[in-house]
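Me: I am new to this structure and would like to learn how to read its features one at a time. Could we begin with a single residue and work outwards from there?

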Amino acid sequence: MRVLVTGGAGFIGSHVVAALRAHGHEPVVYDVRAEPAADVRSPHSVRNALTGVDAVCHQAAMVGLGVGFSDAAEYVSRNDLGTAVLLTAMADAGVRRLVLAGSMVVYGEGRYDCPRHGTVRPGPRAVADLDAGRFEPLCPECGAELSPGLVGEDAPVDPRNVYATTKLAQEHLAAAWARATGGSAVSLRYHNVYGPGMPRDTPYAGVASFFRSALARDEAPRVFEDGRQRRDFVHVRDVAAANLAALEASSRPGALTAYNTGSGEPHTVGEMARALAAAYGGPEPVVTGEYRLGDVRHITADSARLRAELGWKAQVGFAEGMREFARVGLRN
Ligand SMILES: NC(=O)c1ccc[n+]([C@@H]2O[C@H](COP(=O)([O-])OP(=O)(O)OC[C@H]3O[C@@H](n4cnc5c(N)ncnc54)[C@H](O)[C@@H]3O)[C@@H](O)[C@H]2O)c1
Ligand SMILES: [Zn+2]
């Protein structure tokens, strides 16, 4: 299969390219950082790149939480205008298969259960609570402590920041494209991806990169909140394998199917910092109590649908993956 990989020069995209090659497919890298530079917002160059292509694996995006609200227009432009231009060109060229890099951020907070009220949906956390070190969201009905659970694909969406909003809009655009063209779209809603080639820390990077970059400078990883926020850290090679599985599968025409893509093994951010620091042989992490508005407390996915329908399974365990990540370098 000839597959156009947008964002193919990026962290996850370059692993997707390697996985496609290893399985006898023909990846075509399409990225503003590649040579020649190619922007998904350029109708002319997207149209040219689609020649002879059987499927598109759309990884290109502006990622991360960003800085305040100042880059909202750039997120929307790269992620949503970019996706619209790409889908239009696919519709014209008759390319009917899309795999999209989705994200867990579309859910907002994870799943919570109250002992009295069952599954509840706490809203964004108040600044006053965060300032006072009250990080756990409470039951919106009775104020009781909640127990975090696993989010399924049918959970209601609730994007909490600009990036999350643009990732959700990408899915809506892809669903509209699928309906209009009879094409099939899959969104792999990735959890926190880490591994070789992860970009160095910028305001746009993920937490594993912040910690790994600190260790590379011989500094202690700085863990925000109380370190007990839960995430699912999934290895980039497993994410690449999920993309391969989705590209090779015959998925539902005329619709978008979403799959949570996580390791299935929740860990706290504090645990991750400790595992990484120990593997690196660096200073112990410090828990700072700082926070970022727009971060959610706990978010962990149930990836059972991906395992059942696409036969995918995470292969890289947490301890093993963190040991490797401590050893390999980050990308500039
Ligand atoms: N890293 C994670 O933990 C994570 C989690 C959830 C979802 N995702 C999604 O996975 C995808 C890949 O992310 P990543 O972590 O590899 O980030 P990355 O920044 O390493 O890769 C993104 C790539 O897209 C390219 N790009 C950006 N704008 C472009 C444009 N207008 N035209 C062409 N190329 C453009 C960049 O040059 C870069 O190489 C993104 O869609 C992201 O939203 C990542
Ligand atoms: Zn309650």
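Reply: Let us start with A249, which counts as buried because its relative accessible area is 18%, and the cut-off for buried is under 20%. Please keep in mind throughout that this is a predicted model.

Me: Where does A249 lie, and which residues beyond its neighbours in sequence is A249 in contact with?

Reply: A249 sits in the loop between α7 and β13, and, once the neighbours within four places in sequence are set aside, its contacts are R97 and L310. Sequence distance and distance in space are separate readings, as the pair A249 and L310 shows: they are 61 residues apart in sequence, yet their C-alpha atoms are 6.9 Å apart.

Me: What about T257, is it buried or exposed, and which element holds it?

Reply: T257 belongs to strand β13, which covers residues 255-261, and it counts as buried because its relative accessibility is 9%. Apart from residues within four places in sequence, T257 is in contact with A185, V186, S187 and R252.

Me: How should I read the interior as a whole?

Reply: In soluble globular proteins, nonpolar side chains tend to be buried together. Here the largest nonpolar core has 48 residues, among which I12, L188, V193, M272 and L276 touch the most other members. Helix α7, residues 236-248, supplies the largest share of this core, with eight residues. There is also a second, separate core of 26 residues, including V46, A60, L87 and L100.

Me: Which residues does L276 touch, if I leave out those up to four places away in sequence?

Reply: L276, which lies in helix α8, touches A208, F211, R212, L215, M322, F325 and A326. L276 counts as buried because its relative accessible area is 0%. One of these partners, F325, is 49 residues away along the chain, while the C-alpha atoms of L276 and F325 are separated by 7.7 Å.

Me: Why is helix α6 described as largely enclosed by the rest of the structure?

Reply: The general idea for a helix is that an α-helix has 3.6 residues a turn, so residues three or four places apart point the same way. In helix α6, residues 207-216, seven of the ten residues are buried, and therefore the helix is largely enclosed by the rest of the structure. The buried ones are A208, S209, F211, R212, S213, A214 and L215, and they pack against β9 (192-194), β10 (222-223), α8 (269-280) and α10 (318-327).

Me: What can the backbone angles tell me?

Reply: Most residues other than glycine have a negative phi, and most peptide bonds are trans. D218, which follows α6, departs from that pattern with a positive phi near 60 degrees; its place is in the loop between α6 and β10, and D218 counts as exposed because its relative accessibility is 62%. E225 is not a glycine either and has a positive phi of about 55 degrees, but E225, in the loop between β10 and β11 (230-231), counts as buried because its relative accessible area is 3%. As for peptide bonds, the one from E35 to P36 is cis, with omega near 0 degrees, and P36 is found in the loop between β2 (26-30) and α2 (43-49).

Me: Which atoms coordinate the zinc ion, ligand 2, and how are the donors spaced along the chain?

Reply: With a metal site, one reads the donors, then the angles, then the sequence. The zinc ion (ligand 2) is coordinated by C114 (SG), H117 (ND1), C139 (SG) and C142 (SG), at 2.1 to 2.3 Å. The angles among these four donor atoms are 105 to 114 degrees, and the site is tetrahedral. Along the chain, the donors follow the spacing C-x2-H-x21-C-x2-C. Distant parts of the chain are thereby linked, with C114 in strand β5 (residues 111-114) and C139, 25 residues apart from it, in the loop between α4 (127-131) and β7 (147-151). C114 and C139 are both buried.

Me: Finally, which residues come nearest to ligand 1?

Reply: Ligand 1 has 28 residues around it, and F11, I12, D31, Y163 and K167 come nearest. Looking at individual atoms, an oxygen atom of ligand 1 is 2.8 Å from a polar backbone atom of I12, and an oxygen atom of the ligand is 2.9 Å from an N or O atom in the side chain of R33. A nitrogen atom of ligand 1 is 2.9 Å from a polar backbone atom of V40.

Terms used: Residues numbered from 1 in each chain as written. Chains lettered and ligands numbered in written order. Predicted model: local features only at pLDDT ≥ 70, side-chain atom pairs only at ≥ 80, totals over all residues. Heavy atoms only, no water. Core = buried A, V, L, I, M, F, W, Y, C linked by side-chain atoms within 4.5 Å. Buried < 20%, exposed > 50% of the residue type's maximum accessible area, 1.4 Å probe, protein only. Helix = DSSP H or I, 4+ residues; strand = E, 2+ residues; numbered from the N terminus. Donors = N, O, S within 2.8 Å, 3.2 Å for Na, K, Ca; no water. Tetrahedral: all angles 85-135°; square planar, octahedral: opposite > 155°, others 65-115°. Near = heavy atom within 4 Å. Polar contact = N/O pair within 3.5 Å; in protein donor to acceptor, adjacent residues only side chain to side chain. Contact = heavy atoms within 4.5 Å.
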